[in-house]
Amino acid sequence: QVQLVESGGGLVQAGGSLRLSCVASGRTFSYYNMGWFRRAPGKNREFVTALDRSGSTYYADSVKGRFTISRDNAKNTVYLQMDSLKPEDTTVYYCAAITGIYSRTPVTPWGQGTQVTVSS
């Protein structure tokens, strides 16, 4: 089964940028649809963005125009470029292989995630 490791989080001021990475194990990464999710303390995990194996993308309204998902199949990696960050983006971010960009059901175990903190 594919295992995923997120990295790239950190502390940034409002208006700043971060790029998260998610590296997958296994040799079939290119076949997976991939998504990013986030979960604030005491809240349910929420969808952020998805990218399918054909290159189609979907974004939550809260991040549209600010975040960009991309992938490098040669590196088994999916990225989340986050620009114009806001304090409300502060939380732990997770990646997962998903059923599709609209169904978005995770099919891989959750990793430890990577913490993003945006100061005002």
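**Aromatic contacts, core and disulfide**

In this predicted model, W110 is partly exposed, having a relative accessible area of 32%. This tryptophan is a handy place to start, as it leads straight to the aromatic contacts. Across the whole structure, the search returns five aromatic pairs. One of them brings Y58 and Y102 together edge-to-face, with 5.3 Å centre to centre and 75° between the planes. The two tyrosines come from distant parts of the chain, 44 residues apart: Y58 belongs to strand 6 (residues 57-59), while Y102 is in the loop between strand 9 and strand 10. The partners also fall into separate accessibility classes. Y58 has a relative accessible area of 33% and is therefore partly exposed, as this value lies between the limits of 20% and 50%. Y102 reaches 59%, and because this is over 50% the residue counts as exposed.

W110 itself pairs with Y94, again edge-to-face, at 5.8 Å centre to centre and with 70° between the planes. Here too the pair links distant parts of the chain, with Y94 in strand 9 and W110 in the loop between strand 9 and strand 10, 16 residues apart. Y94 has a relative accessible area of 13%; this is under 20%, so Y94 is buried. Its partner W110, at 32%, is partly exposed. Taken as a group, Y58, Y94, Y102 and W110 join F37 and F47 in one aromatic cluster. F47 has a further contact, since the charged end of R104 sits over its ring, 4.1 Å from the centre. Elsewhere, R71 lies over the face of F29, 4.7 Å from the ring centre.

Attention now turns to the interior. In soluble globular proteins, nonpolar side chains tend to be buried together. In this model the largest nonpolar core holds 32 residues, and those with the most contacts inside it are W36, F67, L80, M82 and Y93. Two or more residues each are given to this core by strand 3, strand 4 (33-39), strand 5 (46-51), strand 7 (67-72), strand 8 (77-82), strand 9 and strand 10 (114-119). Strand 9 is the leading contributor, giving five residues. L80 offers a good view of the packing: with its neighbours within four places in sequence set aside, L80 is in contact with L18, R19, L20, W36, V48, T49, F67, T68, I69 and Y93.

Strand 3 deserves a closer look. Five of its seven residues are buried, so the strand is mostly covered. On strand pairing, strand 3 runs antiparallel to strand 8, to which six bridges join it; R19, for example, stands opposite Q81 in strand 8. Strand 3 also pairs with strand 1 (residues 4-7) in the antiparallel sense, over four bridges, and among the matched residues V5 has V23 in strand 3 as its bridge partner.

A covalent link completes the picture. The model contains one disulfide, which joins C22 to C95 with an S to S distance of 1.9 Å. Because the cut-off for a disulfide is 2.5 Å, this cysteine pair qualifies. The link of C22 and C95 is right-handed, with 60° about the S-S bond. It connects distant parts of the chain, C22 in strand 3 (residues 18-24) and C95 in strand 9 (residues 91-98), 73 residues apart. Both C22 and C95 are buried.

Key. Residues are numbered from 1 along each chain as its sequence is written. This is a predicted model: local features need pLDDT of at least 70, side-chain atom pairs count only at pLDDT 80 or more; totals for chains, interfaces and linings use all residues. Side-chain values use heavy atoms; hydrogens and water are left out. Buried means under 20% relative accessible area, exposed over 50%, partly exposed in between (1.4 Å probe, protein chains only). A nonpolar core is a set of buried Ala, Val, Leu, Ile, Met, Phe, Trp, Tyr and Cys residues joined through side-chain atoms within 4.5 Å. Contact means heavy atoms within 4.5 Å. Rings of Phe, Tyr and Trp (its six-membered ring) pair if their centres lie within 6.5 Å; planes under 30 degrees apart count as stacked, over 60 as edge-to-face and the rest as tilted. A charge sits over a ring if NZ of Lys or CZ of Arg is within 6 Å of the ring centre and within 35 degrees of the ring normal. Two strands pair if DSSP finds at least two bridges between them.
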